[in-house]
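This report looks at a cavity and at a set of paired strands. Please have the structure open while reading.

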Amino acid sequence: MTDRTELEQEIAVEQRHLDRVYARLAELRQAAVRAESDGYRLARVGNFGALVERDAMVFHAAQRRHLLDAEHEGLVFGRLDLHNRQVLHVGRLGIRDEDARTLVVDWRAPAAAAFYRATPAQPLGVIRRRMISSSGERVTGVEDDLLDPAATPPEMTTVGDGALLASLSQATGRGMRDIVATIQREQDEAIRSPGNGVTVVSGGPGTGKTAVALHRAAYLLYTDRSRYAGGGILVVGPSAVFVEYIGSVLPSLGEETATLAALGGLFPGVRATRTDPPEVAAVKGSLRMRRVLERAARDAAPGTPDELRLLYQGELLRVDRRELTAIRDRALRRGARRNEVRRVGFDGVFAALWAQARKLGIPGLPKQRAFEDELADRTDFREFLKAWWPRLHPRHVLDWLAQPERLRRYAAGVLSADEVRLLGEAYRAGGALGLTVADVALLDELDALLGKPMKPARPRRDPFQLAGGVRELSTFADRQRAARQAARERPEDYREYTHVVVDESQDVSPMQWRMIGRRGRLASWTVVGDPAQTAWTGDPAELARARDQALGRRPRHHFTLTTNYRNPAEIFAVAAAEIRRVDPDLPLPIAVRSTGVDPVRLSVPPAELETTVLAAVTTLLAEVPGTVGVVTPVPRRAEVAGWLDGLDAPRLQVVTSLEAKGMEYDGVVLVAPGEIRAEPGSGVRTLYVALSRATQRLTTVDVSG
C-alpha cells in the first residue's frame with residue numbers, strides 16, 4: 001500500500017465524519033429557522049404574553065442560527081485518538097448528534113486541552129493527534145503526530161510528517177490564518193493562565209505571540225463571558241495595518257465583542273498612521289512631555305482678551321491683565337481640569353466686577369445675584385467670557401506647540417534645546433501632513449488635563465432588573481445578548497474594559513502606556529512582545545516606570561516562547577545574524593523548520609532598483625501561492641508602491657519596516673535593507689523584524705555603491 005493510498009483512505013475516513021457533522025449542522029440550522037418562524041406566528045394570538053414569548057423564541061433561534069452560520073468554515077480541525085479507544089474531534093463549536101453523542105468538542109473546552117498540551121514526553125493519554133485541513137465541507141488533508149507509539153493499535157495508520165510543521169508550510173492567505181490547531185504546549189499554558197492580574201508573554205519572531213494574545217482573549221470570553229463580554233476586551237496593536245491583519249481572527253473563533261484598535265486610533269475621532277523619525281518619537285513619547293502639556297493646558301489661549309472694560313449704569317468697570325491672570329490661576333488650582341472649571345473662572349470675574357461696583361458706590365446697586373444676572377444677559381459680556389475662557393479641544397492646545405515662543409516657555413527646564421528644536425520643527429512641518437501616531441497619546445494626555453464640561457451621570461439600567469428590585473430569571477443567551485448590546489452602546493471613548501491585550505508591547509512609549517492605562521484601570525492584562533525588536537530609543541528606566549504604573553500592582557504571570565514556528569531556519573539565520581550585530585549574547589528562538597531554500601540576496605545600482613524590485617515581486621507572486629509582502633524603508637513606501645501599481649495582485653501588500661511589526665507573509669521582498677539598518681537609534685532592530693516576516697521565501701534587494 002503506497003503512502004498516497006493511505007493518505008486518501010484517511011482523508012476518506014475524516015470526510016465521512018465531516019459529512020455527519022455538516023448534516024447535523026444543517027438539521028440544527030433548520031430547527032433554528034423553524035423556531036424563528038414559530039416565534040413570529042405566536043404574535044397572532046394577540047395577547048401580551050404571546051408577544052413576550054415570541055420575542056424570546058425569535059431571539060434565541062436567531063442567535064443559534066447566527067452561531068451555526070458563523071462557524072461553518074473550517075468547523076473541524078483536529079482529532080485525538082485516546083488510550084481508551086475514545087476518539088474526539090476538536091473544532092470551533094461543540095456539536096452533538098440527535099442522541100446527544102459528541103460529534104465535535106469545542107476547542108476551548110477542558111476535554112480539548114490535550115490537543116494543545118500533549119507531547120511525546122507527556123502524551124496525556126493521547127496516542128495520535130491529527131490535524132484536519134478542509135475547504136468548505138471537503139477534507140483536503142490530514143497530518144498526524146504519533147505521541148505514544150507503544151500504545152498504537154495495529155490498525156491505526158499515521159500519515160504525514162507532523163501536523164504542526166505542515167500547517168506552517170501552507171499559505172496564510174491575506175488575513176491571519178486561524179492557527180488554533182498549531183498552538184503548542186508553551187503557548188497553551190499562556191493562553192489558559194489565570195484571568196486575574198497580568199499575563200506577560202515574551203518571545204522572538206515567529207513564536208506565536210500574537211496567536212497567544214488573540215486566543216487568550218477568546219479563551220477568557222469563553223470561560224467567563226458575563227465578566228469579559230460585559231466589560232469588554234480591548235486589543236491594542238502597533239498599526240492600522242496590523243489591526244486589519246488580525247481583524248478576522250476573533251470573529252473566526254465566534255467572538256465578536258472584543259474591540260481592536262491601533263495605537264494611532266485609541267483617541268476618539270483620530271486615526272493617525274504617520275510615524276515620526278525615531279529621535280522625534282523619543283521626545284514625544286517621553287514622560288517629560290506631560291510637564292510640557294500641563295503648562296500648555298494652563299496657559300491663555302491665543303487671542304485671549306487681556307482686559308475687560310464694561311460700562312454699568314454710566315460707570316466703567318475694568319479688570320486688567322494681572323487680575324484676569326490671577327483669577328485664572330486660582331480657578332486652575334492643582335489638579336483642576338480647565339474645561340471643567342470654566343464656571344469657577346467666570347465666577348471669579350463676576351466677583352471682581354461686583355467688588356469694584358461696590359467700591360465705586362454705584363447708586364441703586366442690586367444684590368450680587370441680580371447684578372450677575374444683569375451682566376449675564378449682556379451679549380458683550382458673554383462674548384468676552386467665551387473669548388477669555390474658551391472650551392478647548394486637545395487638538396487646539398497641541399497646535400500651540402508649533403509656536404516657537406510658546407514651546408520654549410512650556411519646555412523650559414524640561415526639554416533640552418535640541419529636543420525643543422526637534423519638536424518645534426516636527427509640529428511646524430506637520431501642519432499640512434496631519435498627526436502622527438505619537439501625537440495621539442499626547443492628545444489623550446491633554447484630554448485628561450483639560451477635562452470635559454460636567455454632565456449629570458445617567459445610571460446604566462440592568463436589563464434583567466424588574467420593578468421592586470426583583471431580578472428576572474435569564475438564560476446564558478440572554479446575558480450574551482445583553483453583553484453584545486452593551487458593547488454596541490459603549491461610547492467611542494469607553495474606558496472601563498475588563499481585559500486589555502497589548503501586542504508588540506516593546507514599541508509602546510511611556511506616554512502611550514499612560515494612554516492605554518486609562519482604558520485599563522479596572523482590567524486584567526495580557527502583554528506580549530519581544531525586547532529585541534524594540535524601536536524605542538528613549539530612557540529604558542522611564543519606559544519601565546510608565547509600564548508598571550499602567551499595569552498597577554496586579555500579580556504577574558510570565559511566559560517565554562522559545563520556538564520559532566514561522567520562519568524556515570534558512571531565513572531566520574539571516575535575521576539572527578543581523579540582531580547579533582548589536583546584541584551578540586541575545587537568546588533567540590530556535591527555528592524548527594527547514595525548506596531547503598536559501599534567501600535570495602540582490603545588490604543593484606540605484607538606477608536598477610525599480611526594475612529589480614518589480615522582477616523580484618513578480619517572481620514571488622508566480623512561485624508562492626500565498627501572500628507577498630514588500631517591506632520598504634519608511635521614506636520609500638509611496639515610491640515603491642508606485643512601482644508596483646501595474647500588478648493586479650490582491651495578495652500583494654506594500655508596508656514600511658515599522659508597519660511590518662507583527663505581520664507575516666508567505667513571501668517577502670525587502671527593499672533597501674541597508675537604508676533601514678542605517679536609520680538612527682533602532683535601525684538594526686527594525687531590520688531584524690523586517691527580515692523575519694517571511695514564512696516561505698525571502699528576497700532582499702539592496703542598493704550598491
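## Cavity lining

The model is predicted. Six nonpolar, two polar and two charged residues make up the lining of the second largest cavity. The nonpolar members are Ile571, Val597, Pro599, Val600, Leu620 and Leu698. Gln696 and Thr699 are the polar pair. Asp598 and Arg697 carry the charged label.

Which strand gives the largest share of this lining? Strand S21 does, with four residues. S21 covers residues 694-703. Gln696, Arg697, Leu698 and Thr699 therefore fall within the strand, which as defined is a DSSP run.

## Cavity volume

How many cavities of 30 Å³ or more does a search of the whole structure find? The search finds two. The second largest has a volume of about 40 Å³.

## Strand pairing

S21 runs parallel to strand S20, and six bridges join them. Strand S20 spans residues 665-671. S20 also pairs with strand S18, residues 628-632. That pairing is parallel too, over four bridges.

Leucine 670 in S20 links the two pairings as a point of reference. Opposite leucine 670 stands valine 631. Threonine 700 in S21 also stands opposite leucine 670.

## Burial of S20

Is S20 mostly covered or mostly open? S20 is mostly covered: seven of its seven residues are buried. Here buried means under 20% relative accessible area. Leucine 670 lies within residues 665-671, so leucine 670 is one of the buried residues under that cut-off.

How values were computed
Residues numbered from 1 in each chain as written. Predicted model: local features only at pLDDT ≥ 70, side-chain atom pairs only at ≥ 80, totals over all residues. Heavy atoms only, no water. Buried < 20%, exposed > 50% of the residue type's maximum accessible area, 1.4 Å probe, protein only. Pairing = 2+ DSSP bridges. 1 Å grid on protein atoms, 1.4 Å probe; cavity = no way out; pocket = protein on both sides within 12 Å on 5 of 7 lines; lining within 4 Å. Points joined across faces, edges and corners; volume = space filled by probe spheres on them.
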